[in-house]
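Here are some exercises to help you find your way around a structure that may be new to you. Try each task with the model in view, then read the worked solution below it.

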Amino acid sequence: MVARKFQVLHNDSNYDLEYDTDDGFEVFQFQLFSLTFVPPDQQKIYVDEDDTLVATDSDLLAISDKLRLISIEDEPQPQPNTDQSLQSLSDEKLAKLLQEEEEALMLQQFMAHGDPQEFEHRIRPYVKQVLMYEDAVRQEAARKTVPMEELEEKALVSLAKEGNFNPSKIERDHAFLLQLLFWFKKSFSWVNAPACQDCGNTTAGQGMTAPDPSETRFGASRVELYRCTHCSQLTRFPRYNDPIKLVETRKGRCGEWANCFTHYCRSFGYESRLIVDLTDHVWTECFSHFLGRWMHLDPCEGIYDKPLLYEKGWNKKLNYVIAVAKDGTYDVTKRYTRKWHEVLSRRIMLTESSLSSILTVITKECRRGFAPQQLSMIEARDKEENQQIERSVHTEDDESLSLPGRRSGDEEWRKSRLEMGSDKDGILSTSACPVRLCIDEHVTRIYNGFRPVLRQFVEEELTKSEAVKVLGIIKGIILDICNSPFKTRRTSIDSVLKDPKWQKRLPSFDDLLEALSLKKQNTDGRVEICLAGNPVLTSLALPVVLNALDDMIYNLNKCDSYGKDSITLPLLKLNRIHSGSVIASAEELPFGIATSAFDGTWISKWEEPNGARGGWIMYKTSGNKMFELAAYEFMSANDAPERDPMDWVLEGSNDKGISWRVLDNHTSQFFEERFQRRTFLINSESFPANLFRFRFLAVRDVHSNSRLQLGSIDLYAKSM
């Protein structure tokens, strides 16, 4: 342990910080966040004497003790021009890159040997294809297959989990697009070799055959033939191009996936492009008004806004990436590379000027007949996009972001294409986690809402089996609410109220209903449970209460003696700490983020991609309020028991992370089941803290697995 004292200047205020350098730079940034409320991902730290930027891999023993902190939000924003963006690289590196690009362009003049017309003939069929997306009949056929209300609800809940309960239309549209991507990924099937159409068994390829009229009707210019390995019958696999047929078949490879998904995007009004990678892949771009730019979406992978996925993750050697839309064709290759000089050396089909001429001709044809105002808007956007692409191509790569290799398709096929990447787990993750706010007050309110319910059980002197039966009836009512339309949720409870005991019991559920943003209502002589406010609040809370009910039923069944004395943890979860902020050593994107451990549901989890031999998660209380911990709970995640934590230490701090007190520690712990919740009481001396840190030292299997995961973490205070 090496302690140092730093003096940090921020917004005309000086902060004195004592720090154990063994904790590393990430924890140092979190302590600065505790002092200044500038999140680590927005911090820029400079040496005060010479304005040298302190890098995230800096040795804290070697740097000056006088530092200056600036939030990137407070920095003057540079004008969006190419020259300014080039400063993101060192002068030496930039000069080398520009020289290599110049040499590659000169070499291209001699190496380009392809026929420009051949290149044009490869692109033009895609223009015809994207125009089908504009057909009203095809669009309606696509929309009919989408569970729109379900996706709208999921989109609004995803925004609510970020604290946005009243999103703008732009925010709603962006969130819906992402849910459309996730739904499509689950609903469309990848075909390596089709199952036998007669007996359903596996098949083996037999080559190609000519399409029949029913297949050519929907754009199948080629048909693959497969023979069943069991019954020897032949199965045809036509490679359809018409999206109206793909909406029906819902299967294919990357061509069908991207074709159909881009059509879905257009059917919901998104400005969309089909992206054609001439090294044999296809995906989608949509214009996001929320981001103010075109966004990459790969339906095969279920990944969005990660344009370096192919070069960095798949190790693809890109050459030409062409965007095809109803209003023209665009060379967007530079968006997908940070090695433009290397890409240039592979662009030998035709010269850059020939490529530009071909795309310009096609674009002018596509825009023929456009109104002047529409043309002006498109051309302005084209100009802005070109500037964005030019700025991005010479920016530094984000080393904290781990991009996966290809996950779609048979493993042997991916290996043969050299697209597996270096990450054997195939996950998208980051080691530069932002500070995230926990939107979980509803979880605490739901847990507290069971208190009068359990008290009523004791007052009625219900047996354990009777109490379990009542909770089962409550669960049935909640499930009826879940299955009703989310904007108008309601269900009748008249059948339950026929039992006089329930009429007496019903008031004990008022707190729980309020926590779910529900209420009792008399409608035409019927008693109903219906919405009491924003339906999104109810959508956010329903999965939590269902999981809590299952957990309570499980704990009741385990009780040896059920009564007043048993209404405590783990049966009743009072004084749960909520609404804090959290940061972790790393997280998986987009579903394994740190706040997933605090959302009260079983369907989510926090995943640390490299946490098997060590990882951490830190929780800062809302408003820096001090709490004495009474207990905490861990829940195992849905799968992979080898990733369960086995050894860990829980620490608390009341001085902004300068010093830490060990509150609890465990070794050789095992979770026997998935979704198993375990309660750990704090037996150490009372210690008020507003910062809590779990240091995970090892998972169940550190030899065959690199990852750590937890379904949930709940912190309980002695009092609120």
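## Exercise 1: The whole chain

Of the 720 residues in the protein chain, 52% are buried. Keep in mind that this is a predicted model.

**Task.** Find how many helices and strands the protein chain has, and work out why it can be called as compact as a globular protein of its length.

**Solution.**
- Step 1: Begin with the elements, which come to 21 helices and 32 strands in the protein chain.
- Step 2: Next take the radius of gyration, 29 Å, and set it beside the 27 Å that the globule rule gives for 720 residues; the values are close, so the chain is as compact as a globular protein of that length.
- Step 3: For the outline, the C-alpha trace spans about 85 × 70 × 55 Å along its principal axes.
- Step 4: Now divide the chain using the domain assignment, which gives domain 1 (3–71), domain 2 (116–147 + 252–393), domain 3 (190–249), domain 4 (440–558) and domain 5 (581–717).
- Step 5: Taken over C-alpha atoms, the centres of domain 1 and domain 4 are separated by 49 Å.

## Exercise 2: A sheet and its edges

**Task.** Which strands stand at the edges of the open sheet formed by 6 strands?

**Solution.**
- Step 1: Write down the strand order, 13-12-11-10-14-15, with antiparallel pairing.
- Step 2: Read off the ends: strand 13 (303–304) and strand 15 (328–331) each have a single partner strand, so one side of each is left without a neighbour in the sheet.
- Step 3: Recall how such pairing works in general: strands of a sheet pair through backbone hydrogen bonds, either parallel or antiparallel.
- Step 4: Look inside the sheet, where 6 bridges pair strand 10 (residues 272–277) with strand 11 in the antiparallel sense.
- Step 5: Within this pairing, Ser272 has Cys286 of strand 11 opposite.
- Step 6: Stay with strand 11 (residues 281–288), which contains Ser288. Ser288 has a relative accessible area of 3%; the cut-off for buried is under 20%, so Ser288 is buried.
- Step 7: Finally, go from Ser288 to Tyr270: they are 18 residues apart along the chain, and their C-alpha atoms are separated by 8.2 Å.

## Exercise 3: An enclosed strand

**Task.** Explain why strand 26 (residues 629–635) counts as largely enclosed by the rest of the structure.

**Solution.**
- Step 1: Check burial: 6 of the 7 residues of strand 26 are buried, so the strand is largely enclosed by the rest of the structure.
- Step 2: Look for partners. Strand 32 (residues 712–717) runs antiparallel to strand 26 and is joined to it by 6 bridges, with Tyr632 opposite Leu715.
- Step 3: Strand 29 (residues 677–681) also pairs with strand 26, in the antiparallel sense and over 5 bridges. Here Phe634 stands opposite Arg678.

## Exercise 4: Salt bridges across the chain

**Task.** For the salt bridges Asp397 with Lys312, Asp551 with Lys573 and Arg693 with Glu651, find where the partners lie and whether they are buried or partly exposed.

**Solution.**
- Step 1: The search of the whole structure finds 59 salt bridges.
- Step 2: In one of them, the side chains of Asp397 and Lys312 meet at 3.4 Å, N to O. This pair links distant parts of the chain, 85 residues apart: Asp397 is in the loop between helix 14 (372–393) and strand 16 (401–402), and Lys312 is in helix 11 (residues 309–313).
- Step 3: Asp397 is partly exposed, with a relative accessible area of 27%. Lys312 is partly exposed with 27% as well.
- Step 4: In the salt bridge of Asp551 with Lys573, the closest N and O atoms are 3.1 Å apart. Asp551 is in helix 21 (residues 535–558) and Lys573 in the loop between helix 21 and strand 22 (581–584), 22 residues apart. Both Asp551 and Lys573 are buried.
- Step 5: These residues also belong to a network of salt bridges that links Asp440, Asp551, Lys573, Arg576, Glu633, Arg677 and Asp714.
- Step 6: Arg693 and Glu651 form a salt bridge with their closest N and O atoms 2.9 Å apart. Arg693 lies in strand 30 (residues 691–699) and Glu651 in strand 27 (residues 645–653), 42 residues apart. Both Arg693 and Glu651 are buried.

Definitions and conventions
Residues numbered from 1 in each chain as written. Predicted model: local features only at pLDDT ≥ 70, side-chain atom pairs only at ≥ 80, totals over all residues. Heavy atoms only, no water. Domains from an automatic or database assignment. Buried < 20%, exposed > 50% of the residue type's maximum accessible area, 1.4 Å probe, protein only. Helix = DSSP H or I, 4+ residues; strand = E, 2+ residues; numbered from the N terminus. Pairing = 2+ DSSP bridges. Rg over C-alpha atoms; globule rule 2.2 N^0.38 Å. Salt bridge = Lys/Arg side-chain N within 4 Å of Asp/Glu carboxyl O.
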